[in-house]
Amino acid sequence: MLSGLVVKNKLLNILEDNLPTDIKFSKKIDKYFECFCGGGALYFHLMNNYTIKKSYLYDINSELILTYKVIQNKPKDLIGKLTVLQKDYYSQKEQEDKKKYYLNIRKKFNAKAADDLLFDFSNKGMSEDQVERASYIIFMNKTCFNGLFRLNQKGEFNVPHGKYKKPFNL
């Protein structure tokens with residue numbers, strides 16, 4: 001997820017230089033479409049520096065879209081879950097214990113059937129299971145090897161644990 005963010009961040013000046021002239025000078029965008037949102041580097045850069053009336057973000061990674069929907073609809077619940085994950089992770093003193101904790105979260109993530117959670121976005125908001133799944137995605141992204149998002153043929157997240165002293169801070 002976030003590895004693409006690093007690449008786009010390095011290209012932001014080039015991408016911005018190639019915006020249509022009227023947008024560069026007015027700093028206004030009527031409709032913004034992002035077909036491959038990924039980490040959203042360009043979108044978030046534009047949101048911070050331009051006025052965007054309407055935006056449409058898409059990505060083939062339905063887990064990523066679920067996470068963005070949870071951020072949009074249940075940010076406080078998500079932050080609460082991430083705070084607990086962070087606290088529990090940091091309470092593991094040894095690197096091997098941190099790895100076991102990570103693998104346990106990965107196992108929980110892989111145990112849940114994703115299909116119902118990923119495509120059931122109702123007007124009632126996000127379910128507790130969807131918030132939990134998004135928290136696992138963010139946690140794994142921050143603690144796995146190189147921030148990769150990779151699924152095997154069974155659809156299971158299979159990236160190994162990374163070795164970071166401080167992988168994330170909320």
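Let me begin with glutamine 130, which lies in helix H8, in what is, I should say at once, a predicted model. At 2% relative accessibility, glutamine 130 counts as buried, because the limit for that class is under 20%. The side chain of glutamine 130 has a polar atom that lies 2.8 Å from the backbone nitrogen of serine 127.

Let me step back to the chain as a whole. Its secondary structure comes to eight helices and two strands, and, read along the sequence, these follow the pattern α-α-β-α-β-α-α-α-α-α. Of the 170 residues in the chain, 36% are buried.

Now to the two strands. Strand S1 and strand S2, the latter made of residues 51-57, run parallel and are joined by six bridges. To get from S1 to S2 the chain passes through helix H3, residues 41-49, and this β-α-β crossover is right-handed. Two of the pairings can be followed by eye: lysine 28 stands opposite threonine 51 in S2, and glutamate 34 has leucine 57 of S2 as its bridge partner.

Just ahead of S1 there is a residue I would like you to look at, namely lysine 27, whose place is in the loop between helix H2, residues 21-26, and strand S1, residues 28-34. Its phi is near 60°, a positive value in a residue other than glycine. Lysine 27 also lies over the face of tyrosine 50, at 4.6 Å from the ring centre. Is lysine 27 buried, partly exposed or exposed? With a relative accessible area of 35%, lysine 27 is partly exposed, since that value falls between the limits of 20% and 50%.

A positive phi turns up again at asparagine 146, where the angle is near 55°, and this too is a residue other than glycine. Asparagine 146 is found in the segment after helix H8, which covers residues 128-143.

Let me move to the aromatic residues. A search of the whole structure finds 10 aromatic pairs. One of them is formed by tyrosine 43 and phenylalanine 44, whose ring centres are 5.2 Å apart and whose planes stand at 70°, so the pair is edge-to-face, the cut-off for that class being over 60 degrees. As for accessibility, tyrosine 43 counts as buried at 9%, whereas phenylalanine 44, with a relative accessible area of 38%, is partly exposed. Ring pairs also link these two residues with Tyr32 and Tyr68 into a cluster.

Tyr68 brings us to helix H4, where it is among the buried residues, together with Glu63, Leu64, Leu66, Thr67 and Val70. The N-terminal end of H4 is capped by asparagine 61, with a side-chain oxygen that lies 2.9 Å from the backbone nitrogen of glutamate 63. How far apart are the end C-alpha atoms of H4, and does that distance agree or disagree with the expected span? H4 has 12 residues, 62-73, and at 1.5 Å a residue it should span 16 Å, the rise being multiplied by one less than the number of residues; the end C-alpha atoms are 16 Å apart, which agrees.

Staying in H4, we find lysine 69, which counts as partly exposed because its relative accessibility is 29%. Lysine 69 and valine 131 are 62 residues apart in sequence, yet their C-alpha atoms are 9.3 Å apart in space.

A further pair of this kind involves lysine 108, whose place is in helix H6, residues 95-111. Its relative accessibility is 39%, so lysine 108 counts as partly exposed. The C-alpha atoms of lysine 108 and tyrosine 136 are separated by 8.6 Å, although the two residues are 28 residues apart along the chain. Finally, arginine 133 lies over the face of phenylalanine 109, at 3.8 Å from the ring centre.

Conventions:
Residues are numbered from 1 along each chain as its sequence is written. This is a predicted model: local features need pLDDT of at least 70, side-chain atom pairs count only at pLDDT 80 or more; totals for chains, interfaces and linings use all residues. Side-chain values use heavy atoms; hydrogens and water are left out. Helices (H or I, at least four residues) and strands (E, at least two) are DSSP runs, numbered from the N terminus. Buried means under 20% relative accessible area, exposed over 50%, partly exposed in between (1.4 Å probe, protein chains only). A polar contact is a pair of N or O atoms within 3.5 Å; within protein, one must be able to donate a hydrogen and the other to accept it, and residues adjacent in sequence count only if both atoms are side-chain atoms. Rings of Phe, Tyr and Trp (its six-membered ring) pair if their centres lie within 6.5 Å; planes under 30 degrees apart count as stacked, over 60 as edge-to-face and the rest as tilted. A charge sits over a ring if NZ of Lys or CZ of Arg is within 6 Å of the ring centre and within 35 degrees of the ring normal. Two strands pair if DSSP finds at least two bridges between them. A crossover is right-handed if, with the strands pointing away from the viewer, the path from the first strand over the helix to the second runs clockwise.
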